[in-house]
Amino acid sequence: SDPRHMPGADAEFNAAAGGKISVWPDGLAMGATFDPEIVRQFGRVASKEYRALGITTALSPQIDMGTDPRWYRIAMTFSESPELTTDMARAYIDGFQTSEGGSEIAGGWGYESVNAMAKHWPGGGTGEGGRDAHWAFGKFGVYPGDNFRQQVEPFVFGAMKLDGPTGMASAMMPYYTISWNMTPDGSNLANGYNKWLISDLLRDAFKYDGVVCTDWGITHDEGRTPEEFAGKPWGVETLTVAERHYTALMAGVDQFGGNNEMGPVLDAYRMMTAEHGEEFARARLERSAVRLLKNIFRLGLFENPYLDPQESGRVVGNPEFMQAGYEAQVKSVVMLKNKGSVLPVTDRKTVYIPRVY
């Protein structure tokens with residue numbers, strides 16, 4: 001699931017979200033607290049609510065660097081600081097993945113753990129001109145100032161070096177972008193197809209062995225115009241859908257986001273067998289199967305995949321969780337200007353709150 005705990009944009013704050021689920025600051029607002037412990041607390045609460053809803057993988061945290069204010073997804077980042085973003089990433093994932101006490105099965109994993117999928121490797125906030133790679137006009141990541149190293153720090157030193165017992169984020173999502181001219185061999189393929197970024201750098205150099213899941217729809221065909229919202233096969237536009245699956249699998253991908261069809265995966269397997277032999281192809285897919293199954297087994301889903309609806313109703317959005325989310329919202333509010341010494345309030349005043357349309 002994508003994040004479910006943000007307040008609505010049409011409210012100054014939201015203490016209760018209609019009583020459905022606790023509501024917390026998102027991204028930059030969480031960063032504005034400068035307090036990783038609040039993020040860790042959010043992870044602990046949100047993971048309990050997710051598990052009560054039957055959700056076992058969070059497509060978060062978004063730990064891209066907020067280095068270009070023109071990027072429309074900057075509000076979902078923690079900050080422009082590598083150090084702060086790294087600390088927040090570590091706290092977020094520890095909170096989501098760690099089970100304690102009777103809920104723990106082994107190694108910090110258990111019945112209150114949620115797999116965290118850190119995104120977007122190796123940093124999605126680098127789009128040329130602040131444009132976004134959901135569309136063809138934003139397909140290139142350019143790393144102005146040669147700051148590739150700073151962009152990957154939250155992943156390498158945060159998501160992959162946790163304080164808690166689970167060790168590292170159990171999943172990682174590459175972004176849609178083509179990291180332009182970053183690959184030693186000069187192959188400008190999108191990050192989800194880029195063997196150097198996934199296998200050579202993430203897997204071999206940084207020793208990451210969790211699930212790599214593509215962003216949604218990278219194997220689908222692109223739109224008729226750059227403005228059309230459709231597939232994002234950047235760098236492999238001329239390949240067939242099956243060839244795109246093959247390229248991604250050979251790059252080191254384990255899971256295809258937004259694709260529920262097995263046909264192209266089987267086609268890719270046949271291509272792999274034809275080119276490298278059946279022993280190689282089988283071993284390659286089994287590696288991915290092991291990674292995916294670990295994320296199921298560690299959460300206890302093999303032993304007990306069921307929920308009690310009444311218990312779920314007591315957990316999700318309970319008053320304690322609501323209050324914790326509200327207090328985090330209050331702490332995230334930053335005063336920019338105290339014009340006329342409005343604060344501190346010394347006596348009773350009339351306060352006018354405009355209606356938001």
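In strand 6, the bridge partner of W121 is P174. That pairing is a good way into this predicted model, in which local features need pLDDT of at least 70, side-chain atom pairs count only at pLDDT 80 or more, and totals for chains, interfaces and linings use all residues. Residues are numbered from 1 along each chain as its sequence is written, and side-chain values use heavy atoms, with hydrogens and water left out.

**The sheet**

Helices (H or I, at least four residues) and strands (E, at least two) are DSSP runs, numbered from the N terminus. Strands of a sheet pair through backbone hydrogen bonds, either parallel or antiparallel. Here, four strands make an open sheet in the order 1-4-6-8, with parallel pairing. Strand 1 (57-58) and strand 8 (211-212) are at the edges with a single partner strand each, so one side of each has no neighbour in the sheet. Two strands count as paired if DSSP finds at least two bridges between them. The table goes through the pairs.

| Pair | Bridges | A bridge pair |
|---|---|---|
| Strand 1 and strand 4 | two | T57 and N115 |
| Strand 4 and strand 6 | four | A118 and M172 |
| Strand 6 and strand 8 | two | A171 and V211 |

M172 also has a bridge partner in strand 8, namely V212. Strand 4 (residues 115-121) is mostly covered, with seven of its seven residues buried; buried means under 20% relative accessible area, exposed over 50%, and partly exposed in between (1.4 Å probe, protein chains only). In a regular strand the side chains alternate between the two faces of the sheet. In strand 6, A171 and M173 point one way while M172 and P174 point the other way, and all are buried.

**Helix 2 and its two partners**

Two packed helices are described by the angle between their axes and the distance between the axes. Axes are lines fitted to C-alpha atoms, for helices over the stretch in contact, and angles run from 0 to 180 degrees between N-to-C directions.

Helix 2 (residues 36-52) packs with helix 3 (residues 82-97) at about 30°, their axes 7 Å apart. These two helices are therefore roughly parallel (angles under 35 degrees count as roughly parallel, over 145 as roughly antiparallel, 65 to 115 as roughly perpendicular and the rest as oblique). The crossing of helix 2 and helix 3 is right-handed. Among the residues in this contact (heavy atoms within 4.5 Å) are V39, F42 and Y50 of helix 2 and M88, Y92 and F96 of helix 3.

With helix 10 (residues 319-332), helix 2 packs at an angle of about 150°, and the axes are 11 Å apart. Helix 2 and helix 10 are therefore roughly antiparallel to each other. On this side I38, Q41, V45, K48 and E49 in helix 2 meet F321, A324, A328 and K331 in helix 10.

**Helix 6, under cover**

Is helix 6 enclosed or open to its surroundings? Eight of the 11 residues of helix 6 (residues 241-251) are buried, so it is largely enclosed by the rest of the structure. The buried residues are A242, R244, H245, Y246, T247, A248, L249 and A251. Their cover includes helix 5 (195-205), helix 7 (263-276) and helix 8 (278-297). After helix 6 comes G252, which has a positive phi near 120°.

Methods: Left-handed = near helix turned anticlockwise from the far one by under 90°.
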